[in-house]
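User: I would like to work through this structure step by step. Please reason briefly before each answer.

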Amino acid sequence: MSSEYNYDADAQFFPFFVLTVSSLITLPLTYTLLRSPSDVAGTSSKAAHIASPYNPKNADIIQTSRAKQKRKELRLKRMLIAATGWLTMAYMIYLMYVTARSQPTVWNPYDILDIGMSASEKQINSRYRKLSVTMHPDKRQPNPALNETVESINDAWVEIVKAYKALTDEEIRNNYIQYGNPDGKQSTSFGIALPSILVAEGSGKYVLVFYGALLGIGLPWLVGKWWYGMQKMTRERVLVTSAGNMFTEYRERMDDSDVVNAVSSALEYRDVLHGTKEHSGLGKLEKLLLQASEASGEDESSAMKPKDRKRLKDLDDPVRRKTFAMVWAYLTRLDLNDRTLEAEKFELAPTALQLNEAFLSICLAYGFTAPVLSSYRLSQSLVQAVPPTQRLPLMQLPHFTPSIIRDLEQKTTANNGSKDHMTIQSLMALPAEQRQALAQAAGLTNDRLKVAENVARQLPHLRVEKAFFKVQGEKFIIPSSLVQFVVKARFIPPGSTNVPPVTDEDLKDVDPAEGDIQAQKQEQEQHPVPLAHAPYLARERVPRWHIFLHDTRQGKIAVPPFTFSAFDQQPFEVDSADGSVKPTYNVVTLKMQFQAPPQPGEYKFQMQMVCDSYLGFDHRQEAVMVIEEASKAQAVDDESDISEPEEDSIAGAMATMRGQPTSNPAEQAERDARRQARREANERKKLQAGGADDEESDYESGTDEDEESESETDTETDTDEE
């Protein structure tokens, strides 16, 4: 047997090779695209937008940066490569299907004679004689309707004779059965789907070079690049080196500006500040930033504190230095008077926001409360472009500047003596006439004030109505039980009017009955809130609420944060008239589940609810968890077994006379089952202890049952008398 290599003109094998190589690239790439991103604060297609005609300065630059960031989040390049790969794979499968259908059929004498392969020689002779009657040229005339000619009839008869001779000759028949060919074993043919010039003599080395470069260099390089890229990234999709840099900046006590310094130490900013951008405009940026900070003096109104200015001057790495200055320029809304620098400023903000969330993971690993709260506050400042050292909530509203806010607060402070910064809630709580008068005195026109008020009435301020601990299906919390901290709250935007009162029924947390699919499905439904109103952030963002419990004495977190970005009830609906969002005032339920401490007692915590996208919407309150002894909970369970008396008992008759309910058959059957279980348990205990015999055990069990009936009656009677 010989081997024959030839050019695969019909492309029988080439689609298989291309399909294999394409799948090695396309399938892993598709998996990375379909996998849920680690940044859960991304956008939501179902979330509405807060309607506002306000456009900040350099709005066109912000929109350009936002579109660029959206393309980056969509991973457009990988999507195009994956789409090309799937199209290639589909085309190869199509070629394989078409090629298989277009292959010439193998000559088969059994098919020609229309008999089976198990036919005997007698059956073959009989079939040949029948065909000779109908298919012989002398007995068959051409049919023009079937495009038959004399030549086609003769060729068909020749095939019949050839098939008959092949099957009546023993050697030829065996060759066909064993090798599929009347001539016996054939040479092996390998088809190579390459251009014929490469298959020609002397071109073998080029074929080897091609396959060697593809399989020996290209594919390992691609896999190695993917693997190395995965290894140098953390679970939060941050460079390991950046995580190490932020880790070295971590302290047990950190304020917001310390977190800015830690976040600016990452290497991800080099993707934006690469090449000539590392040094371009750095001197101008620092000069403007320092001038703006020094002009405000050393008082509270200074956005950049002296320690932050010193940090800026002490940095040696130009990229780190420019990043630190850019982040502060964004937070202070500093006008850089340069479109290139402005574009870099707005492009760095989403990266800083992502890195701050990675730094939050480091803070949570240590469990100290101060760094965690500082990281959450920096997230609010980055979303709203508000200096973390000033924390002016009114800067979230359109047209409000630090000077306007300062004048407004001075006039308000003269009335109530408060030294805290005015929140959006306190501003909208003022009477409309007083609010307009204060705004005009501070330099804000009525038209601009109306725009700000319209935005304020759409902001998702979450008001806590009730918070409590519980164990599902139990009356008490026992040591090491699975506890739920339930928060009942409503979204009530600042300035809301005609807010319906909350009812006691809304504040109850009723556990769904086992098997109640409708109630369980309703609990699993999630409704988003409107996207954050962040006109300076070059990225769409879904607000999130983080709830955690911490110990104020130790300054450490007791229960890690639970994050909520969607809720079991629809919090807002879109007004079809003007496109604004309106609150529904539905009571939403937030639950965080954790294990109770192993010792009974009273545990005092402070609940912190932080919104990572808005300033002034945080909430904190005391939370006390009382853990009872397990024996007390067991006693309550035993008492709960006492139900209404039976109708046919004396106690049942007395209850009927008093108008009290008696047990129904289902309750009676359940009670009988419990009694039987207790009776069997008592019997097993007696047998194990080697005590009394079966009759005595039955007698005692019956006595217990009578005593239980009496206790049930006494309980009901005492309750009635009381």
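User: Which residues does Phe-400 touch, not counting residues up to four places away in sequence?
Analyst: This is a predicted model, and a contact here requires heavy atoms within 4.5 Å. With residues up to four places away in sequence left out, the partners of Phe-400 are Arg-333, Leu-394, Met-395, Ile-405, Leu-408, Leu-427, Leu-444, Leu-449 and Ala-452.

User: Which helix gives the largest share of the largest nonpolar core?
Analyst: The largest nonpolar core has 117 residues, and Phe-359, Leu-397, Phe-400, Phe-469 and Phe-485 touch the most other members. The largest share of this core is 12 residues, and these come from the helix spanning residues 339-366, namely α15.

User: How many residues are in the second, separate core?
Analyst: Among the members of this second core are Tyr-110, Ile-115, Ala-119 and Ala-163. Its size is 12 residues.

User: Is Val-559 buried or exposed?
Analyst: Val-559 is located in strand β7, which covers residues 556-564. Leaving aside neighbours within four places in sequence, Val-559 is in contact with Phe-548, Leu-549, Met-592 and Phe-594. The cut-off for a buried residue is under 20% relative accessible area. Because its relative accessibility is 5%, Val-559 counts as buried.

User: How far apart in space are Val-559 and Phe-548, C-alpha to C-alpha?
Analyst: In sequence, Val-559 and Phe-548 are 11 residues apart. In space, their C-alpha to C-alpha distance is 5.6 Å.

User: Which strands stand at the edges of the open sheet β3-β4-β11?
Analyst: Three strands form this open sheet in the order β3-β4-β11, with antiparallel pairing. Two of the strands have a single partner strand each, so one side of each is left without a neighbour in the sheet. These edge strands are β3 (462-470) and β11 (587-595).

User: What is the bridge partner of Val-487 in β11?
Analyst: Strand β4 (residues 482-491) runs antiparallel to β11 and is joined to β11 by nine bridges. The partner of Val-487 in β11 is Leu-590.

User: What is the end-to-end C-alpha distance over residues 208-228?
Analyst: The unreviewed UniProt entry annotates residues 208-228 as one of its transmembrane regions. In the model, this stretch is 100% helix and 0% strand. Its end C-alpha atoms are separated by 28 Å.

User: What is the mean pLDDT of the chain?
Analyst: Of the residues in the chain, 75% reach a pLDDT of 70 or more. Over residues 691-722, however, the pLDDT is below 50. Where pLDDT is low, the predicted coordinates should not be read in detail. For the chain, the mean pLDDT is 79.

Definitions and conventions: Residues numbered from 1 in each chain as written. Predicted model: local features only at pLDDT ≥ 70, side-chain atom pairs only at ≥ 80, totals over all residues. Heavy atoms only, no water. UniProt positions renumbered as here; feature names shortened; annotations may be inferred. Helix = DSSP H or I, 4+ residues; strand = E, 2+ residues; numbered from the N terminus. Core = buried A, V, L, I, M, F, W, Y, C linked by side-chain atoms within 4.5 Å. Buried < 20%, exposed > 50% of the residue type's maximum accessible area, 1.4 Å probe, protein only. pLDDT = per-residue confidence, 0-100. Pairing = 2+ DSSP bridges.
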